[in-house]
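Here is a short set of exercises to work through with the viewer open. Try each task yourself before you read its solution.

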Amino acid sequence: MQQTIRVYTEEKKIEVEQLLCEYGEERIYLRRLQVKGEYQTQLAYAEEELIGVCFLWENAFHPYCTYMKIVMKVNRETCSLIENWMKQIQVQAKENPIQTMLSDKDEAMRNLLKSLGFQEIRRTYVPIYSVKDFQATDVLANDVCTLKAIRKNLVEVKQLIAFVKATYSSTHQANPVATLSDETWQSLIYAEDLVMEASYVYQSKSTQAILAYSFLHKGDDPSHYEFGWCGVKDDSCFEQLQLLIDAQIKWLNQQGAKHVSGEFDTTNKAAMSIYHRHTPPANTRCLVTLRKES
C-alpha cells in the first residue's frame, strides 16, 4: 500500500477533525492547522485514506523549542513514514529542540520516539475531582489574602509577580520560559478567567514574605472550576499551600460547584504535594512530555 505525505489544505479540515475524533485526541489541535508557512500542517495518506496528521507550532511563552504533535497509529507499515516525518521536522525546527506530549497509554508512539532520540522530561496528571469528595479544614484567615485584595496594593503585586516568576521558572528548567516584562507576568497572573476572590496567597504577617500561592480559574461549565498555578517558598511550606487549597475547597462548596480539575506536573513539587494529598479518580489521565535536543 502506497503511503504519501501531503500538505494540508482547507478542504481537508473535516477529514482531520474526524481523524482526531477517531483517535480520541482533543479538538484543540484544530487551531494548530496551518495552510502555509514553515510550520505548514502535513497529512499522511495510505492510498487515498487519511491515516495521520502532524502539527508543528511555536509558543511565545516557551520560545526555545518547536512543538510537535503526530496523530497516527504506530505499526510496521507506518514506522518508516514517521521516521521520515521526523527527519523533515528536524530540518524545519532548525536548531530548536523538539517537544511533544502524548498519553501514557500510547506506548507504541512513545517507544518509537524514544528510539529516535526523544527523552521523557515530565508527566502531567489531569484529574477531575468531585468537590463533595474533598475534606477541607478551617483556614487561618489572618495569613491568607486574595488576589483581589492584593491587586489594590502595587507593592504586593510586584512581590507576587517576582515570586510567581521565580517558582514557575524553577519548575520549567527543561523548557525555559521567555524573558517577559512584569506587565506581561501580571496579565498572565490576572488572566480573564481567574477567580480573584478564590485565588489565595499565604503571606507571613511577621515577615511579609510570601510562603505559598494557589490560583483558581473558571472552567467551561459554570459548575466546573480549575486549579491554576501554585507554588511555595521552599519544601517547608507545603502545609501553608494545603491551607490555601482548603480555602478554595470551602469556596467551591459555597458556590455549589460540582467539579474541579487541575494539571499537576511531576517537575512541580508544590503541585504534586496537592495531587498526592487528595486521592485522584481512577480514570485520571496522564500525559507524557518528550523532548529531543537539537
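## Exercise 1: the open sheet

Six is the number to look for: 6 strands make up an open sheet with mixed pairing, in the order S7-S12-S11-S10-S9-S8. Strands (E, at least two residues) and helices (H or I, at least four) are DSSP runs numbered from the N terminus, and two strands pair if DSSP finds at least two bridges between them.

A word on the ground rules: this is a predicted model, where local features need pLDDT of at least 70 and side-chain atom pairs count only at pLDDT 80 or more, while totals for chains, interfaces and linings use all residues. Residues are numbered from 1 along each chain as its sequence is written, and side-chain values use heavy atoms, with hydrogens and water left out.

**Task.** Find which strands stand at the edges of the sheet, and state how its neighbouring strands are turned.

**Solution.**
1. The edges are strand S7 (128-130) and strand S8 (144-146); each has a single partner strand, so one side of each lacks a neighbour in the sheet.
2. Ignoring direction, neighbouring strands of this sheet are turned by 25 degrees against each other on average. Axes here are lines fitted to C-alpha atoms, for helices over the stretch in contact, and angles run from 0 to 180 degrees between N-to-C directions.

## Exercise 2: following strand S9

**Task.** Work out how S9 is joined to S8 and S10, and which of its residues are buried.

**Solution.**
1. S8 and S9 run antiparallel and are joined by 3 bridges; Val-144 stands opposite Tyr-202 in S9.
2. S9 and S10 also run antiparallel, with 4 bridges. Val-201 has Tyr-213 in S10 as its bridge partner.
3. In a regular strand, side chains alternate between the two faces of the sheet.
4. In strand S9 (residues 200-203), Tyr-200 and Tyr-202 on one side are buried, as are Val-201 and Gln-203 on the other, and both faces are covered. Buried means under 20% relative accessible area, exposed over 50%, and partly exposed in between (1.4 Å probe, protein chains only).
5. The hairpin of S9 and S10 has 6 residues between the strands. Gln-208 in that loop has a positive phi of about 70 degrees although it is not a glycine, and it is partly exposed at a relative accessible area of 39%.

## Exercise 3: two residues in the sheet

**Task.** Place Ala-212 and His-224 in their strands, and list what each one touches.

**Solution.**
1. Ala-212 belongs to strand S10 (residues 210-218) and counts as buried because its relative accessibility is 0%.
2. Beyond its neighbours within four places in sequence, Ala-212 has contacts (heavy atoms within 4.5 Å) that include Tyr-200, Tyr-202, Val-232 and Leu-241.
3. His-224 lies in strand S11 (residues 224-232); at 16% relative accessibility, it counts as buried too.
4. The side chains of His-224 and Ser-261 form a polar contact of 2.9 Å. Such a contact is a pair of N or O atoms within 3.5 Å; within protein, one must be able to donate a hydrogen and the other to accept it, and residues adjacent in sequence count only if both atoms are side-chain atoms.
5. Pairing between S11 and strand S12 (residues 259-261) is parallel, over 3 bridges. Here Tyr-225 has Val-260 in S12 as its bridge partner.

## Exercise 4: helices

**Task.** Describe how H8 sits on the sheet, and then how H5 and H6 pack.

**Solution.**
1. Helix H8 (residues 269-277) packs on the sheet and touches S7 and S11, its direction making about 130 degrees with that of S11.
2. At the N-terminal end of H8, Asn-268 acts as a cap, with a side-chain oxygen 3.0 Å from the backbone nitrogen of Ala-270.
3. The buried residues of H8 are Ala-270, Ala-271, Met-272, Ile-274 and Tyr-275. They pack against strand S6 (119-126), S7, S11, helix H7 (238-255) and strand S13 (264-265).
4. Helix H5 (residues 154-170) and helix H6 (residues 182-189) pack at about 85 degrees, with axes 10 Å apart. H5 and H6 are therefore roughly perpendicular to each other. Under 35 degrees counts as roughly parallel, over 145 as roughly antiparallel, 65 to 115 as roughly perpendicular, and the rest as oblique.
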